[in-house]
Amino acid sequence: MISDRLLSLVRCPDCRAPLDRGLTPMGVAPVSDWGQTPGTASPYLTLRCSGCGREYPGTTADYLDLRPREAFTEQTKYLDESLHADARHERVSPPLLGSKIRNDMLRAFLAPRPGELVADLGCGSGRTLLWNQDWQAATVGIDIAPFFSREARRNVDLLIGDLRRLPFADGTFAKTFSLDVLEHLSPDALGGMLAEASRVLAPGGALFVYTHVRKNAPIARGLRAINRLARWLDRAGLVDLRQEHLRKSDHLNPLADIPELERVAHDAGFRIARIRYYTPIVGGFVENILVRMAERAMARRASSRLPASTPAAAARAEAIKEARTAAKERIATSRTTRAVLEALSFAMKLDLVLFGRIRSGPFFALLVKEPRQ
Ligand SMILES: [Zn+2]
């Protein structure tokens, strides 16, 4: 959605001047490729920069498009729709398994107060903001690609923009967070992103991140054993790792180790106030083995229902998509499924309890913006 509050907050991403708005009443919103109802009549919002005069036309009722004029040469593969063909963004399930761990940590570390301004930097479908509406914070979701879920379009302020050129004034937000984003950036882009996150935060404001460094602890060997088992099951046709490979093919992993994180954070004006490591041994077994086997079985069943004439690759993609949609349906309707997944999510917390203090690859960190000297 685009609330008046969002409109009052945004600035030109090029020159940071305020934006003037005009409405073409009852213009017909352009038919969008992103799953909107075609031809929906909605007020057609036009924004114009009061500084450089740039016009931002074509905004529908769902989200603002405030990408900078300068296109960065480095663009994430997340712009590629094929990565999103897995129906992940269509329907938002409650936080379970790994996403439950991440969301619980976000809530524990960031804990926004009612009325505080909070930005999700790299919000994807917008699901994290939907899960945390009880914060009663004023939230904004920003992503480079408009793969926003229908629920988020209705209930959350959204915009597409570049994290290296945020369309907000200095010191706008009390809190920001970025989950599963930093690993997609090059060292240069990471520096630019952190500098912008720091700029839009008020002094003393916080950025919560979940990402990983390349250097693992010896306990991560347990995780490698699980991954070997997953590959073996993949060859045996019991799991399907292709989507996982596609997802990870985008990782640039800019951070070597924790001292480098400290340096990069410091350069952007942050200090690390809290850190907790996450070596998902239980989680790896649950998500990489159990969940994949269930998904593969469901995809098999789905593909047997497709017409025999469907080409193999298309059938495979379609079957996975159907399996995931069916899984979400099941989570929404079956109490038993929910209870099993909740029990598994609870068991996965063991990884944090047992290994949370052992410095290893993935971590949750709270970066606090230092007051300027
Ligand atoms: Zn401007």
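Start by selecting β6, residues 138-143. In this predicted model, five of the six residues of β6 are buried, so the strand is largely enclosed by the rest of the structure. Keep β6 highlighted while you look at what sits on either side.

**On one side of β6: β5**

Select residues 117-121, which make up β5. β5 and β6 run parallel and are joined by five bridges. You can click through the facing residues: L117 stands opposite A138, V118 has T139 as its bridge partner, and L121 is partnered with I142.

How many of the residues of β5 are buried? Five of the five are, so β5 too is largely enclosed by the rest of the structure. Now show the side chains. In a regular strand, side chains alternate between the two faces of the sheet. Here L117, A119 and L121 point one way, while V118 and D120 point the other way, and all are buried. Take a moment with D120, one of the residues buried in β5.

**On the other side of β6: β7**

Go back to β6 and add residues 157-160, which is β7. Four bridges join this parallel pair, and G141 has L158 in β7 as its bridge partner. To get from β6 to β7, the chain passes through helix α4, residues 150-155, in a right-handed β-α-β crossover.

While α4 is on screen, click R150, which is found in that helix. Buried, exposed or partly exposed? R150 is partly exposed, with 16 other C-beta atoms within 10 Å; a residue needs 20 or more to count as buried. Then add D62: the two residues are 88 apart along the chain, yet their C-alpha atoms are separated by 9.2 Å.

**Across to β8 and β9**

Return to β5 and select β8, residues 173-179. β5 and β8 run parallel, joined by three bridges, and A119 stands opposite T176. Next add β9, residues 201-212, which pairs with β8 in the parallel sense over six bridges. Look for F177 facing F208 here.

Between these two strands comes helix α5, residues 187-200, and together β8, α5 and β9 make a right-handed β-α-β unit. Turn the view to see what α5 covers: the helix lies across β5, β8, β9, β10 and β11, running at about 145° to β9.

**Where the direction flips**

Which strand pairs with β9 in the antiparallel sense? Select residues 362-369 and you have it: β11, joined to β9 over seven bridges. L207 stands opposite L367 in this pair.

Now show the whole sheet. Eight strands form an open sheet, in the order β4-β7-β6-β5-β8-β9-β11-β10, with mixed pairing. The edge strands are β4 (64-65) and β10 (270-277), each of which pairs on one side only. Over at the β10 end, select helix α8, residues 258-267: α8 lies across β10 and β11, at about 145° to β10.

**A trio of helices**

Leave the sheet and select α9, residues 281-304, along with α2, residues 97-110. Their axes come within 9 Å and cross at roughly 150°, which makes α2 roughly antiparallel to α9. At the contact, L97, G98 and I101 from α2 meet G283, V286, E287 and V291 from α9. By class, that is four nonpolar, two polar and one charged residues.

Keep α9 and swap α2 for α11, residues 335-348. The axes of α9 and α11 are 8 Å apart, at an angle of about 150°, which makes this pair roughly antiparallel as well. Select V282, G283 and V286 in α9, which meet L344, A347 and M348 in α11. This contact has five nonpolar, one polar and no charged residues. Notice G283 and V286: they take part in the contact with α2 and in the one with α11.

**Zoom out**

Finish with the full chain in view. The secondary structure comes to 12 helices and 11 strands, and buried residues make up 35% of the 373 residues. Among contacts with a separation of 6 or more, 76% are between residues 24 or more positions apart.

How values were computed:
Residues are numbered from 1 along each chain as its sequence is written. This is a predicted model: local features need pLDDT of at least 70, side-chain atom pairs count only at pLDDT 80 or more; totals for chains, interfaces and linings use all residues. A residue is buried if 20 or more other C-beta atoms lie within 10 Å of its own, exposed if 12 or fewer, and partly exposed in between; C-beta atoms are placed from the backbone. Two residues are in contact if their C-beta atoms, placed from the backbone, lie within 7 Å. Two strands pair if DSSP finds at least two bridges between them. A crossover is right-handed if, with the strands pointing away from the viewer, the path from the first strand over the helix to the second runs clockwise. Axes are lines fitted to C-alpha atoms, for helices over the stretch in contact, and angles run from 0 to 180 degrees between N-to-C directions. Angles under 35 degrees count as roughly parallel, over 145 as roughly antiparallel, 65 to 115 as roughly perpendicular and the rest as oblique. Ala, Val, Leu, Ile, Met, Phe, Trp, Tyr, Cys and Pro count as nonpolar, Asp, Glu, Lys and Arg as charged, and the others, Gly among them, as polar.
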